[in-house]
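Okay, thanks for coming, everyone. I'll put the structure up and then walk you through a few parts of it.

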Amino acid sequence: MTAPPELPLRVVLAKLGLDGHDRGLKVVARILRDAGVEVIYLGLRQTAESVARAALDEDADAIGVSIHNGGHLTLAPRLVAAVRAVGLDTPVIVGGIVPDADVPILRDAGVAAVLGPGASAGEVVAAVRGAVHRVQT
């Protein structure tokens, strides 16, 4: 007997706060879709609570947010807390302009992975799959 086909990963993508630069996140959405990932794109001006609720409602395997406005040290931990508050352990992946010195701070706050500008398609897919795998095992 053969194993049932594996369901594709489901990833919620969003922009937190008032940051209006979403071109990179749309590229990430395309990269993930091309890799067989089901993408739920929430778009601009989301709150941590709206993203957490969408992850719960959509049974998401991961959450990806893009932050380009310097608010990563405030917004990313707030999102992780909102995700935990709705009872999920869904990994949060942050992409955008994040200084190297801030990456350990974000990791300590519960962010599963951080991707900077110019991350390759392979790096994006590997970061998402790796974050989901770490939660599932």
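Let me start with a term: two strands count as paired if DSSP finds at least two bridges between them. Helices (H or I, at least four residues) and strands (E, at least two) are themselves DSSP runs, numbered from the N terminus. What you're looking at is a predicted model, where local features need pLDDT of at least 70 and side-chain atom pairs count only at pLDDT 80 or more, while totals for chains, interfaces and linings use all residues. Residues are numbered from 1 along each chain as its sequence is written, and side-chain values use heavy atoms, with hydrogens and water left out.

So, strand S1 first. Leu13 of S1 stands opposite Gly64 in S3, and 5 bridges join these two parallel strands. S1 also runs parallel to S2, with 6 bridges joining them, and there Ala14 stands opposite Gly43. To get from S1 to S2 the chain passes through H1, and that β-α-β crossover is right-handed: with the strands pointing away from the viewer, the path from the first strand over the helix to the second runs clockwise.

How many residues of S1 are buried? It's 7 of 7, where buried means under 20% relative accessible area, exposed over 50%, and partly exposed in between (1.4 Å probe, protein chains only). In a regular strand the side chains alternate between the two faces of the sheet. Here both faces are covered, with Arg10, Val12, Ala14 and Leu16 on one side and Val11, Leu13 and Lys15 on the other.

Now H1, residues 23-34. Its buried residues are Leu25, Ala29, Ile31 and Leu32. Looking down the axis, they fall within an arc of 165°, so they line one face of the helix; that arc is taken from the directions from the helix axis to the C-beta atoms. What do they pack against? Strands S1, S2 and S3, plus helix H5, with contact meaning heavy atoms within 4.5 Å. Turned away from that buried side are the exposed residues Arg23, Arg30 and Asp34. After H1 comes Gly36, with a positive phi near 90°.

Last stop: Thr90, in the loop between H3 and S4. Is Thr90 buried or exposed? Buried, with a relative accessible area of 5%. Setting aside neighbours within four places in sequence, Thr90 touches Ala60, Asp61, Ala62, Ile63, Val83 and Arg84.
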